[in-house]
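Student: I would like a close look at one part of this model. Please pick a strand and follow its surroundings outward, step by step.

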Amino acid sequence: YSFNVETPFSLSRKKILEALPGVGSRKNIIKSPMPGKISRLMVGVGQEVKQGETLLVLDAMKMQNSIVCHHPGTVKRIWIQEGSAVSKDEKLLEIE
C-alpha cells in the first residue's frame, strides 16, 4: 500500500497548485522514497509505461522495494543507473 498524510492546509494548497497551468507536471518526476541502492532498472528512455508497472527495484534496509508508475506515460528521462546509491527524495525518472 502507498498513502500520503495531508493536513487540511497542505491538501488545499496541493489542489490549488495542481489547478495552475504547468504546475501539475511536477508529479511526473519519480523520486526515491528512501535512501538505498538501485538494484534493477526495468525501463528505458522512450518506453511506454502503464499505471502500476514496476519501474525499478530499490534495495534499502535489507529489503527490495519496487517503485511503481502512478500514471501511464512515456519515460522521458532517467537520472540513475543500476548500482547507483540514492538518497531520500532524489530524482530517479521523469514520466511524460
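Tutor: What follows starts at one strand and works outward through its partners, two loop residues, a second sheet and the core. Keep in mind that this is a predicted model.

Start with strand β8, residues 91-95. Is β8 largely enclosed or not? It is largely enclosed by the rest of the structure, because 4 of its 5 residues are buried. The cut-off for buried is under 20% relative accessible area.

Now take the partners. Strand β1, residues 29-31, pairs with β8 in the antiparallel sense, over 3 bridges. Within that pairing, I29 has E94 as its bridge partner. Strand β6 also pairs with β8, again antiparallel and over 3 bridges. Here I78 is bridged to L93, and V75 stands opposite I95.

Next, step from β6 to β3. Strand β6 covers residues 73-78, and strand β3 covers residues 48-49. The two run antiparallel and are joined by 2 bridges. Across this pairing, V49 faces G73.

Go back to the β1 side for a loop residue. N28 sits in the loop between α1 (8-19) and β1. Its relative accessibility is 18%, so N28 counts as buried. Which residues does N28 touch, leaving aside neighbours within four places in sequence? They are H71, L93, E94 and I95. L93, E94 and I95 fall in the range given for β8, residues 91-95. With H71 there is also a side-chain to side-chain polar contact of 3.1 Å.

A second loop residue belongs to the β3 side. Q47 lies in the loop between β2 (36-41) and β3. At a relative accessible area of 29%, Q47 is partly exposed. Leaving aside neighbours within four places in sequence, Q47 contacts M42, E53, G73, T74 and V75. Take G73 from that list. Q47 and G73 are 26 residues apart in sequence, yet their C-alpha atoms are 8.5 Å apart in space. Q47 also has a link within its own stretch of chain: a polar atom of its side chain lies 3.0 Å from the backbone nitrogen of G44.

Now the other sheet. Four strands form an open sheet in the order β5-β4-β2-β7, with antiparallel pairing. At its edges stand β5 (63-68) and β7 (85-86); each has a single partner strand, so one side of each is left without a neighbour in the sheet. Inside the order, β2 pairs with β4, residues 54-60, over 4 bridges. L41 and L56 are bridge partners there.

Finally, the core. The largest nonpolar core has 15 residues. Those touching the most other members are I38, V49, L55, L56, L92 and L93. Both β4 and β8 supply at least two residues of this core. In general, nonpolar side chains tend to be buried together in soluble globular proteins.

I38 shows how such a residue is surrounded. Beyond its neighbours within four places in sequence, its contacts include L56, V57 and L58. Also among them are I80, Q81, E82, G83, S84 and V86. L92 completes the list.

To retrace the route: β8 pairs with β1 and with β6, and β6 is joined to β3. The core then takes residues from β8 and from β4, and β4 belongs to the open sheet.

Key:
Residues numbered from 1 in each chain as written. Predicted model: local features only at pLDDT ≥ 70, side-chain atom pairs only at ≥ 80, totals over all residues. Heavy atoms only, no water. Pairing = 2+ DSSP bridges. Buried < 20%, exposed > 50% of the residue type's maximum accessible area, 1.4 Å probe, protein only. Contact = heavy atoms within 4.5 Å. Polar contact = N/O pair within 3.5 Å; in protein donor to acceptor, adjacent residues only side chain to side chain. Core = buried A, V, L, I, M, F, W, Y, C linked by side-chain atoms within 4.5 Å.
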